[in-house]
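The exercises below ask the reader to work from the sequence and the coordinates towards a picture of the fold. Each task is followed by a solution that goes step by step.

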Amino acid sequence: MESSYMKKVALHNLGCKVNAYETAAMQEMLETAGYEIVPFKEGADIYIINTCTVTNIADRKSRQMLHRARKMNPQAVVVAAGCYVQAQEEQEIDPCIDIVIGNNKKQDLLSILQEYTQSQAASKAVIDIGGTKKYEDLHLSRTGEHTRAYIKVQDGCNQFCSYCIIPYARGRVRSRSKAEVLREVGQLAENGYQEVVLTGIHLSSYGVDFGDKAEDLLSLIQAVHGIEGIKRIRLGSLEPRIITEEFARCISSLPKMCPHFHLSLQSGCDSTLKRMNRRYTSGEYYEKCVLLRKYFDNPALTTDVIVGFPGETEEEFQQSKEFIEKVNFYETHVFKYSKRQGTKAAAMEEQVPEQIKARRSEILLALGEERRQAYERSFIGKEVEVLVEEEIRIGGKTMQSGHTKEYIKIALDNDVNLQNCIVKVQIENDLQIIH
């Protein structure tokens, strides 16, 4: 920058791993341009909030953080970026916001800031996200985590689940070129990262916009596997339909592949799945879990479940619960249905009362905790590989911690600093497993 004016920037991220990646990329862009990154508290000249709109609660949190920024420094420039402002594109800008940057425009952050500095006029950089086919040009060479790097490889979603606003906020599927992904992963490997997590808004759709069946998620995983220095590959949330016999067999042959799969379920009841527009049955979902267990030894299968979706009867909830018991997940993330204006589900009749949602949530959370403990205890007596990440305090004692390939967090009692080392550990008791 030519001027030292407004050099201190504070960033705050809300929402998913894709948002976190984009926030980190914006921070790196700012640092490279000479801005000073400061904590998100009083004293910054510019506040950038990367917003989320996945639920009404996320909308409220986004508004709260924007107002907090304005309160911390009334003279600062407040920038609202991402999904919340994208979804609000046709509405007036909140007076507390100076600059609005929608999705696919974060790459232009530096020029937008410079224009504002020169004009001092509130600006709005929001495109018709549903009409773009271009992948946003953001990059990372390092991340906040020192051992594991999340790599955004895909944006947008074509699924239109009846409860979800994200296709309207993120647009249609847009995939990052394989060459660009490999370049970034290679640079991260050179900077010492040993584990990468491939992530996206709808990761399973990677490559569908290329028009080349050979350029799909499987081919991308295989290409990343060939990069020297990367020891582990983990995947973000997957749709069940991507788990074919060929996909499971091929990834199981890759030594760097982590046997940790998050398969989004949402309900174990077929009639509920149909109302959700999820495009698979519980039987089809179960077949995918069987396939993964056929090719991987005791893989960590995790999932998301919504309780209290409009019209969910007690019988449907019981069907969902029984199915979750049958699959036997490592972790089950339970969400009470939250009405999201602008979605089909928000207009559905038979909205479930909050107290019923709360009771059903408690039942599934208790089941999930029971199954989590059982899965973790199944590793007692076994040798596992742990990527050591950080020092922690347990019972007044300093220890080191890291994750197995299954993403079980393990504590190590060792005087030598093993950060970013992969070590073999014999799990002797559940005290070594961090919950």
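Helices, taken as H or I runs of at least four residues, and strands, taken as E runs of at least two, are DSSP runs numbered from the N terminus. The model is a predicted one.

**Exercise 1. Locate N73, decide whether N73 is buried or exposed, and name its contacts beyond the neighbours within four places in sequence.**

Step 1: N73 sits in the loop that leads from helix 2 (56-72) to strand 4 (77-82).
Step 2: Buried means a relative accessible area under 20%, and because the value for N73 is 17%, this residue is buried.
Step 3: Once the neighbours within four places in sequence are set aside, N73 is in contact with A44 and Y47. Of these two, A44 is 29 residues away from N73 in sequence, while the C-alpha atoms of the pair are 7.3 Å apart in space.

**Exercise 2. Set out the domains of the chain and relate them to the UniProt annotation.**

Step 1: The domain assignment gives domain 1 (8-126), domain 2 (148-378) and domain 3 (382-427), and the C-alpha centres of domain 1 and domain 3 lie 36 Å apart.
Step 2: UniProt, in an unreviewed entry, places the feature "domain: Radical SAM core" at residues 143-374.
Step 3: Over that span, 39% is helix and 16% is strand, and the end C-alpha atoms are 33 Å apart.

**Exercise 3. Describe the open sheets that contain strand 7 and strand 12, giving strand order, pairing and edges.**

Step 1: Four strands make up an open sheet with the order 8-7-9-10 and mixed pairing, in which strand 8 (174-175) and strand 10 (232-235) are the edge strands, each pairing on one side only.
Step 2: Within this sheet, six bridges join strand 7 (residues 148-155) to strand 9 (residues 195-200) in the parallel sense, and Y150 has V197 in strand 9 as its bridge partner.
Step 3: Three strands form another open sheet, in the order 11-12-13 and with parallel pairing. Its edges are strand 11 (260-262) and strand 13 (331-336), each of which pairs on one side only, and neighbouring strands of the sheet are turned against each other by 15 degrees on average, direction ignored.
Step 4: Strand 12 (residues 300-307) pairs with strand 13 in the parallel sense over six bridges, with V307 standing opposite K336 in strand 13.

**Exercise 4. Test the length of helix 12 against expectation, then find what covers its buried residues.**

Step 1: Helix 12 (residues 354-377) has 24 residues, so at 1.5 Å a residue it should span 34 Å.
Step 2: The end C-alpha atoms of helix 12 are 34 Å apart, which agrees with the expected span.
Step 3: The buried residues of helix 12 include K357, R360, S361, L364, L367 and G368.
Step 4: Among the elements that cover the buried residues of helix 12 are strand 12, strand 13 and helix 11 (314-327).

**Exercise 5. Work out how strand 14 pairs with strand 15 and with strand 17.**

Step 1: Strand 14 (residues 383-394) runs antiparallel to strand 15 (residues 397-403), joined by seven bridges, and V388 has G402 in strand 15 as its bridge partner.
Step 2: The hairpin of strand 14 and strand 15 has two residues between the strands, and G395 takes a positive phi near 60 degrees there.
Step 3: Strand 14 also pairs in the antiparallel sense with strand 17 (residues 422-426), over five bridges, where L387 has I422 as its partner.

Technical notes
Residues numbered from 1 in each chain as written. Predicted model: local features only at pLDDT ≥ 70, side-chain atom pairs only at ≥ 80, totals over all residues. Heavy atoms only, no water. UniProt positions renumbered as here; feature names shortened; annotations may be inferred. Buried < 20%, exposed > 50% of the residue type's maximum accessible area, 1.4 Å probe, protein only. Contact = heavy atoms within 4.5 Å. Pairing = 2+ DSSP bridges. Axes fitted to C-alpha atoms, helices over the stretch in contact; angles between N-to-C directions. Domains from an automatic or database assignment. Expected span 1.5 Å × (residues − 1).
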